[in-house]
Amino acid sequence: MSASPDTSPQPRRFIPAGPLTGSIRVPGDKSISHRSLMLGALAVGETRVTGLLEGEDVLATAAAMRAMGATITREQDGTWSIFGVGVGGLLQPAEPLDMGNSGTSTRLLMGLVASHAITATFVGDASLSRRPMGRVIDPLSLIGAEFEASEGGTLPLTLRGISPAVPITYRLPVASAQVKSAVLLAGLNTAGITTVIEPVPTRDHSERMLRGFGAELTVEEVDGADGPERIITLTGEAELKPQTIEVPGDPSSAAFFVVAALLVPGSDLLVENVGLNPTRAGLFEVLRQMGGSIEEVNAREVGGEPVADLRVRHSQLTGIEVDPAIAPAMIDEFPILFVAAALAKGTTTTSGLDELRVKESDRLTAMAQALTGAGASVEEREDGLVIHGTGGARLRGSANSRARTHLDHRIAMSMAVAGLASDDGVLVDDVRPIATSFPNFIALMEGAAAG
Ligand SMILES: O=C(O)C1=C[C@@H](OP(=O)(O)O)[C@@H](O)[C@H](O)C1
Ligand SMILES: C=C(OP(=O)(O)O)C(=O)O
């Protein structure tokens, strides 16, 4: 969140260290953590959650759910307890909801508020205030909610929800799990059937968890004009039953350690308890195609999601052309993939990545600039990057270059990993954003490199 008491940037130089060895555990999945709090806050009774990600983005969701009536506490052993208000029971928040840096909190909560007869104002930090909200304003206007947004459909934004709302059938114009989830969550308190048509599959945690909480939800795969499409229906005026949830480790956080171990010679690292939902695990597939040694050990199920430990050994990677169809299954992992590509042998080409321009930063430009400063050879295209790798040789940047993170945690962590694979280190201009999704990243990185 923006509300850090210290507002000055915290630069840090990440320098090459020893091989990454031993075993680590990354924090809980961010997407599942947000949804655990939201759905728990709508169930009647106590939901208990272990492994919740205690990053700033998820804490923003917790604060918002409290402001709308839920009782949410953290117990001493790290278990979270949520007493919900029931679907339809959200209260009007007394103050604007501060969403910090979190797109997921904002868009999903807009869905929830839209079908309640309450008004809420959403505010966020400088990065979030630039991100497009029109993609959720459009469908939520169709259910009858009203919006006063800043120019360009951005935050600050005031939403007047409506009850009873109109159930809609909505075809997603953009591959976005956040938009899909916003419409489905609005459907919870809407009489009748809400339908989302998804031409390109995106992460399906909302569907899995809504079902887990007892909502009536169906998913049907049909042939569409450009391949299989998913039709998701939700029966409204749902009654959610409280759950006990174990949140698996976040594959998007594991990604930084997986790539670091592949790049630093001598590494042999076990990353334990990584969520491997097929709608999330695209990066590991692409890294294997590039020659990365990533072995799944002890495959099991945690909280209704496939999970395994990943054993990762240093590997010489080879550049490839990345199939754009896999992009939704690794949408947050492109910054770290670009770092892997910068050290690979030959050229890696990516395309179909327009969505990366509207994340916490414009991730195509931000990574092209940061990697070029660190000594990599990168061409920026409209919808992707083309990277000519070093063939394994360490990156050699100009002595005074700084990687600019633009309030984007994934740029900061990606360039930290680039620093491990460089001659003289990489200076990251601000490490504060890392706390949004991975508060103990630096400590874990130092521990893994020390063996
Ligand atoms: O639904 C979610 O939890 C998320 C969906 C993705 O966003 P989009 O739906 O905007 O692609 C992803 O980038 C974000 O980190 C989390
Ligand atoms: C895009 C991301 O998150 P959000 O949209 O929730 O800000 C991310 O974590 O990479």
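This passage describes the surroundings of two ligands, the nonpolar cores and two annotated residues in a predicted model. Residues are numbered from 1 along each chain as its sequence is written, while chains are lettered from A and ligands numbered from 1 in the order in which they are written. Because the model is predicted, local features need pLDDT of at least 70 and side-chain atom pairs count only at pLDDT 80 or more, whereas totals for chains, interfaces and linings use all residues.

Ligand 1 makes a good starting point. Its shell (residues whose C-beta atom, placed from the backbone, lies within 6 Å of the molecule) consists of Ser31, Gly103, Thr104, Ser176, Ala177, Gln178, Ser181, Arg203, Ile331, Asp332 and Glu355. Two or more of these residues come from each of helices H3 (103-114) and H5 (177-188), and H5 gives the most, with 3 residues. Helices here are DSSP runs of H or I, at least four residues long, numbered from the N terminus. By class, the shell holds 2 nonpolar, 6 polar and 3 charged residues; Asp, Glu, Lys and Arg count as charged, Ala, Val, Leu, Ile, Met, Phe, Trp, Tyr, Cys and Pro as nonpolar, and the others, Gly among them, as polar. Ligand 1 lies between domain 1 (12-28 + 248-449) and domain 2 (30-243), because both give residues to its shell. The domain bounds come from an automatic or database assignment.

Around ligand 2 are Asp57, Ser102, Gly103, Thr104, Asp332, Lys359, Glu360, Arg410 and Ser437. This shell has no nonpolar residues, 4 polar and 5 charged. Domains 1 and 2 both contribute to the shell, so ligand 2 also lies between them.

Turning to the annotations, an unreviewed UniProt entry places the feature "binding site" at positions including Arg35 and Gln178; such annotations may be inferred rather than shown by experiment, and positions follow the numbering used here, with feature names shortened. Arg35, in helix H1 (residues 30-42), counts as buried because it has 25 C-beta neighbours inside 10 Å. The cut-offs are 20 or more other C-beta atoms within 10 Å for buried, 12 or fewer for exposed, and partly exposed in between, with C-beta atoms placed from the backbone. Beyond four places in sequence, Arg35 touches His205, Ser206 and Met209, where contact means C-beta atoms, placed from the backbone, within 7 Å. Gln178 belongs to helix H5 and is likewise buried, with 22 such neighbours. Leaving aside neighbours within four places in sequence, Gln178 contacts Gly103, Thr104, Arg107 and Leu108.

How values were computed: Contact = placed C-beta atoms within 7 Å.
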